[in-house]
Amino acid sequence: MLTPSALEACCAAKPGAVRQTPFGPAPVCYKVGGKVFAQIYPYAGDYKVTLKCSPDESALFRSLYPQAVVRGYHCPPVQQPYWNTVYVERINEGVLLDMIDIAYRRVIEKLPQKVRKSLFPEDVLP
């Protein structure tokens, strides 16, 4: 299981990632290009991360890992297909790392080309 500091380090290592706490100590938000890709809630006993995804990915992860992945718990219904909340203690570390990579890529793919080029001048997405 990833500790909260290890989870934050993983998110922070993404090119262009910025850590913010706009709502107080939690969630800890990680953004790229001004858009959130991860929200970490590092509470003991309720340790979770909410991650961006496509509607198809969202449904797939929820069906494969029903004990660990649920709809974005804080999201209004219109946003629920695009966010999954993952209970970190209930999922394999490798799967969680893959989900973070997917969340990061989903946000990058939706950024305006000008913003992407400023983050990745060689036009090579990570």
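Two strands pair if DSSP finds at least two bridges between them. Helices (H or I, at least four residues) and strands (E, at least two) are themselves DSSP runs, numbered from the N terminus. With that in hand, let's take a walk through this protein.

First, some housekeeping. This is a predicted model, where local features need pLDDT of at least 70 and side-chain atom pairs count only at pLDDT 80 or more, while totals for chains, interfaces and linings use all residues. Residues are numbered from 1 along each chain as its sequence is written, and side-chain values use heavy atoms, with hydrogens and water left out.

**The whole protein**

You'll find four helices and six strands here. Going along the sequence, they come in the order α-β-β-β-β-α-β-β-α-α. The radius of gyration (taken over C-alpha atoms) is 14 Å, close to the 14 Å from the globule rule for 126 residues, so the protein is as compact as a globular protein of that length. That rule is 2.2 Å times the number of residues to the power 0.38. If you boxed up the C-alpha atoms along the principal axes, you'd need roughly 40 × 30 × 30 Å.

How much of the protein counts as buried? The share is 41% of the 126 residues. Buried means under 20% relative accessible area, exposed means over 50%, and partly exposed is in between (1.4 Å probe, protein chains only). The exposed surface comes to about 6700 Å², with carbon and sulfur atoms supplying 56% of it; such areas come from the Shrake-Rupley method with a 1.4 Å probe.

Contacts (heavy atoms within 4.5 Å) also reach across the chain. Among those with a separation of 6 or more, 48% link residues 24 or more positions apart.

**How the strands line up**

Here are three pairings, each antiparallel.

| Pair | Bridges |
|---|---|
| Strand 2 (residues 28-32) and strand 3 (residues 35-43) | five bridges |
| Strand 3 and strand 4 (residues 46-52) | six bridges |
| Strand 4 and strand 6 (residues 83-87) | five bridges |

Strands 2 and 3 make a hairpin with two residues between them, and Gly 33 there takes a positive phi near 60°. Tyr 30 has Ala 38 in strand 3 as its bridge partner.

The hairpin of strands 3 and 4 has two residues between its strands as well, and Gly 45 in the turn has a positive phi of about 85°. Most residues other than glycine have a negative phi, and most peptide bonds are trans. Across this second hairpin, Tyr 43 faces Asp 46 in strand 4, and Pro 42 stands opposite Tyr 47.

Strand 4 also meets strand 6, where Lys 48 stands opposite Tyr 87. Is strand 4 largely enclosed or open? Five of its seven residues are buried, so strand 4 is largely enclosed by the rest of the structure.

Just before strand 2 there's a peptide bond to look at: Ala 26 and Pro 27 are joined by a cis bond, with omega about 0°. Pro 27 is in the loop between strand 1 (18-20) and strand 2.

**Three residues to find**

Start with Val 86 in strand 6. Val 86 has 0% relative accessibility, so it counts as buried. Which residues does Val 86 contact, leaving aside neighbours within four places in sequence? Among them are Tyr 47, Val 49 and Leu 51, along with Ala 68, Ile 91 and Leu 96. Its C-alpha atom is 14 Å from that of Ala 44, which is 42 residues away along the chain.

Next up is Phe 61, which lies in helix 2 (residues 55-64). Phe 61 is buried too, at a relative accessible area of 11%. Leaving aside neighbours within four places in sequence, Phe 61 is in contact with Val 69, Asn 84, Met 99 and Ile 102. Val 69 and Met 99 also appear among the contacts of Val 86. From Phe 61 to Arg 71, 10 residues along the chain, the C-alpha atoms are 9.9 Å apart.

Last is Glu 122, in the segment after helix 4 (113-119). Is Glu 122 buried or exposed? Glu 122 is exposed, with a relative accessible area of 68%. The C-alpha atoms of Glu 122 and Ile 91 are separated by 35 Å, and the two residues are 31 positions apart along the chain.
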